[in-house]
Amino acid sequence: MELAKVTVQGQITIPKEIRKKLNIKDGDKVIFLEENGKIIIENSAIVALREAQDAFKGEAERLGLKDEQDVVKLVKEVRNEMWEERHANHS
């Protein structure tokens, strides 16, 4: 258990061990979440990454991506489409 003192301005210093566990570095942002009546502090970058991963769940299967080669092929196709669009607009 870690303890932190609240200043008059409502600020606290997150204890070093907690910062290490949350992988929080100087300049990082934290997010406060409420779950089951408790307030949870998390590294906001990690929360955002987790939400992005959740949002893309199932997309690989939907797009028929089975392995890394399929992903590389898709990227090449998208790049070709973008190149064609760019050059078609400048003709």
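Let's start with the nonpolar patch. Helix 4, residues 68-89, gives the largest share of it, 3 residues. The patch is made by L63, L74, V78 and M82. Its area is about 320 Å². One member, L63, sits in helix 3, residues 59-63. L63 has a relative accessible area of 46%, so it counts as partly exposed.

One caution before I go on. This is a predicted model. Please keep that in mind for every distance I quote.

Now the overall layout. How many helices and strands does the chain have? It has 4 helices and 2 strands. Along the sequence the pattern reads α-β-β-α-α-α. The radius of gyration is 22 Å, and the globule rule gives 12 Å for 91 residues, so the chain is more spread out than a compact globule. The box tells you the dimensions. Along the principal axes, the C-alpha atoms fill roughly 65 × 35 × 25 Å.

What about burial and contacts? Buried residues are 8% of the 91 residues in the chain. Take the contacts with a sequence separation of 6 or more. Of those, 4% join residues 24 or more positions apart. The exposed area of the chain is about 8,600 Å². Carbon and sulfur atoms supply 54% of that area.

Next, strand 2. It covers residues 38-43. I'll take three of its residues in order: I41, E42, N43.

I41 lies in strand 2. Its relative accessibility is 25%, which means partly exposed, since the cut-off for buried is under 20%. Which residues does I41 contact, leaving aside neighbours within four places in sequence? They are I14, L22, V30, I31 and F32. Look at V30 in particular. I41 and V30 are 11 residues apart in sequence. Their C-alpha atoms are 6.6 Å apart in space.

E42 is also a strand 2 residue. Buried or exposed? E42 is buried, at 17% relative accessible area. That carboxylate has a partner. E42 forms a salt bridge with R50, and the closest N and O atoms are 2.7 Å apart. The two side chains also make a polar contact, again at 2.7 Å. On the other side of the pair, R50 is partly exposed, at 36% relative accessibility. So the bridge joins a buried glutamate, E42, to a partly exposed arginine, R50. E42 has other company too. Beyond four places in sequence, E42 touches L22, K29, V30, I31, L33, V47 and R50.

N43 is the last of the three, also in strand 2. Its relative accessibility is 5%, so N43 counts as buried. What does its side chain reach? The N43 side chain reaches the backbone nitrogen of A45, at 3.0 Å. Outside its sequence neighbours up to four places away, N43 touches L22, N23, I24, D28 and K29.

Compare the three contact lists for a moment. L22 is on the list for I41. L22 is on the list for E42. L22 is on the list for N43. If you are browsing the structure, click on L22 and look at strand 2 from there.

Back to salt bridges. How many are there? The count comes to 4 salt bridges. You have had E42 with R50. Here are two others, each within a helix.

The pair in helix 1 is E17 with K20. Their closest N and O atoms are 3.7 Å apart. Both residues lie in helix 1, residues 16-22. They are 3 residues apart, about one turn of the helix. E17 is partly exposed, at 38% relative accessibility. K20 is exposed, at 56%.

The pair in helix 3 is R62 with E59. Here the closest N and O atoms are 2.8 Å apart. R62 and E59 are 3 residues apart in helix 3, so about one helical turn separates them. R62 is exposed, with a relative accessible area of 58%. E59 is partly exposed, at 26%.

Helix 3 also takes us back to the start. It holds L63, and L63 is one of the residues that make the nonpolar patch. R62 and E59, the salt bridge pair, lie in helix 3 as well.

To recap. The chain is more spread out than a compact globule, with a radius of gyration of 22 Å. In strand 2, E42 is buried and bridges to R50. N43 is buried, at 5%. The patch of L63, L74, V78 and M82 is about 320 Å². That's it from me.

Methods
Residues numbered from 1 in each chain as written. Predicted model: local features only at pLDDT ≥ 70, side-chain atom pairs only at ≥ 80, totals over all residues. Heavy atoms only, no water. Buried < 20%, exposed > 50% of the residue type's maximum accessible area, 1.4 Å probe, protein only. Polar contact = N/O pair within 3.5 Å; in protein donor to acceptor, adjacent residues only side chain to side chain. Contact = heavy atoms within 4.5 Å. Patch = residues over 30% accessible without salt bridge, like charges linked within 9 Å, V, L, I, M, F, W, Y side chains within 5 Å. Areas by Shrake-Rupley, 256 points an atom, 1.4 Å probe, with all protein chains shown as cover. Salt bridge = Lys/Arg side-chain N within 4 Å of Asp/Glu carboxyl O. Rg over C-alpha atoms; globule rule 2.2 N^0.38 Å.
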